[in-house]
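These are my notebook entries on a single protein chain. I looked up one feature at a time and wrote down what I found.

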Amino acid sequence: MGTMADEAPPHAVRAAFGAHGDPVRLAGGKGGTWRVGDVVLKPAEGDAEVRWRSAVLARLPQSPHFRIARPVRAAGGDWVAGGWEATRAVAGQPDPRRVDDVIRTGAAFHEAVAAVPRPGLLDHRDNPWEYGNRLAFGDGPPPGPRRPSALLDRLLADRRPICLPEQIVHGDLLGNVLFADGLPPAVIDWAAYWRPAAWASAVAAVDAMVWHGAGGRVIERWAHLPEWGQLLVRAAIFRLGTGHAAGTGHAAGTGHAAGSPQEPEDPYRPVVAMIAGLVTVQKRSSQPT
């Protein structure tokens, strides 16, 4: 028997969201996202989070710097119907090679949502991505063994305290910014975290270097961001820590393509070495002469 992610949205769900036409499966994600006419539908993963995110995006003013996939209400007024959520389709394709444009778009999005209060629902997440998030910032992830990793241990040893303002951010930007000629980039699939805004930029930079061949110059170009070296350390811990949550009892939960469970370590080794080099340089430059 197929799972919801394997099956097209049923007719009742399509009708609830006013989606007309034949369902077409979209690439990316977990294969469970479908376009029906001008509506995109996918299984809702956490109704409370869907409702919070949809309410925020519905109120967000238009911007000349980015577009968003506007949420669609179901006929009954809810943002969820039959276990599904919906947004308006937006033109464009991801391009991970354009990491600098992704970071700039993320910065504009984060400025637009900077005043959004921290949602309490973040306290109740229990999945490998939340484990990696808490491990990265030393927020005390639930006790339990993780797979041995000298690479992760090195990053944890390089982590130092930082003091930066936190806000709601998009923690998985690189594959979720769409580019279309003549239009501002579109931000989709908001993975919400409460962290420094520049940490989201660091995650995008790490993802681009590890998986899409971006060289070390990407971290040099953004080295003016506050605590950049330490945010890169936390971005790499976040991604690697997600895959090392074995034995902690975390549910599979929702996730991101670049930070899926069982994250392979070898592609990270040269990137971690570059981050360690930057941290060393920044540490020396901050010491009094």
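**Entry 1. Helix α4**

How many of the residues of α4 are buried? Before answering, I note that the model is a predicted one. I found that 10 of the 10 residues of α4 are buried, so the helix is largely enclosed by the rest of the structure. Buried here means under 20% relative accessible area. I listed the buried residues as P128, W129, E130, Y131, G132, N133, R134, L135, A136 and F137. I then looked up what surrounds them: the buried residues of α4 pack against α5, β10, α6 and α8. At the ring of F137, I also recorded a charged neighbour, since the charged end of R234 sits over this ring, 5.5 Å from its centre.

**Entry 2. The nonpolar cores**

Which residues touch the most other members of the largest nonpolar core? I recorded L155, W199, I219, W228, L232 and I275, in a core of 48 residues. The elements that contribute two or more residues to this core are α3, α4 (128-137), α5 (150-158), β8, α6 (197-212), α7 (217-221), α8 (228-242) and α9 (269-286). Of these, α6 gives the most, with 11 residues. A second core lies apart from this one; it has 16 residues, including L57, A108, L121 and V187.

I returned to L155 to see its surroundings. Setting aside neighbours within four places in sequence, L155 is in contact with V233, A236, I237, L240 and V272.

**Entry 3. The open sheet**

In what order do the strands of the open sheet lie? I found 4 strands in the order β4-β9-β8-β6, with mixed pairing. The edge strands are β4 (67-68) and β6 (93-94), and each of them pairs on one side only. I examined the β6 edge further. Strand β6 is joined to β8 (residues 177-179) by 2 bridges, and the two strands run antiparallel. In one of the pairings I looked up, Q93 has F179 in β8 as its bridge partner.

I also asked which helix lies across β4, β8 and β9. The helix is α3 (residues 99-112), and α3 runs at about 120° to β8.

**Entry 4. Aromatic pairs**

How many aromatic pairs are there? The count comes to 8. I wrote down two of them in detail.

- F66 and F109 form an edge-to-face pair, with 5.7 Å from centre to centre and 80° between the planes. The pair links distant parts of the chain: F66 is in the loop between α2 (47-59) and β4, whereas F109 is in helix α3, 43 residues apart. F66 counts as buried because its relative accessibility is 4%, and F109 is buried because its value is 0%.
- Y193 and W199 also form an edge-to-face pair, with 5.7 Å from centre to centre and 75° between the planes. Y193 is buried at 4% relative accessible area, and W199 is buried at 0%.

I noted further that ring pairs link W52, F66, F109 and W190 into a cluster. Beside the pair of Y193, I recorded a charge: the charged end of R125 sits over the ring of Y193, 5.0 Å from its centre.

**Entry 5. Residues with positive phi**

Most residues other than glycine have a negative phi. I therefore looked for exceptions to this general pattern. Phi of D189 is near 45°, a positive value in a residue other than glycine. D189 is in the loop between β9 and β10 (192-195), and its relative accessible area of 40% makes D189 partly exposed. E227 has a positive phi of about 55° and is not a glycine either. Its place is the loop between α7 and α8. E227 counts as partly exposed, at 35% relative accessibility.

**Entry 6. A loop residue, T33**

Is T33 buried or exposed? T33 lies in the loop between β1 (24-25) and β2 (34-36). I found that T33 counts as buried because its relative accessibility is 17%, and the cut-off for buried is under 20%. Which residues is T33 in contact with, leaving aside its neighbours within four places in sequence? I recorded V24, R25, L26, V40, L41 and K42.

Definitions and conventions: Residues are numbered from 1 along each chain as its sequence is written. This is a predicted model: local features need pLDDT of at least 70, side-chain atom pairs count only at pLDDT 80 or more; totals for chains, interfaces and linings use all residues. Side-chain values use heavy atoms; hydrogens and water are left out. Two strands pair if DSSP finds at least two bridges between them. Contact means heavy atoms within 4.5 Å. Axes are lines fitted to C-alpha atoms, for helices over the stretch in contact, and angles run from 0 to 180 degrees between N-to-C directions. Buried means under 20% relative accessible area, exposed over 50%, partly exposed in between (1.4 Å probe, protein chains only). A nonpolar core is a set of buried Ala, Val, Leu, Ile, Met, Phe, Trp, Tyr and Cys residues joined through side-chain atoms within 4.5 Å. Rings of Phe, Tyr and Trp (its six-membered ring) pair if their centres lie within 6.5 Å; planes under 30 degrees apart count as stacked, over 60 as edge-to-face and the rest as tilted. A charge sits over a ring if NZ of Lys or CZ of Arg is within 6 Å of the ring centre and within 35 degrees of the ring normal.
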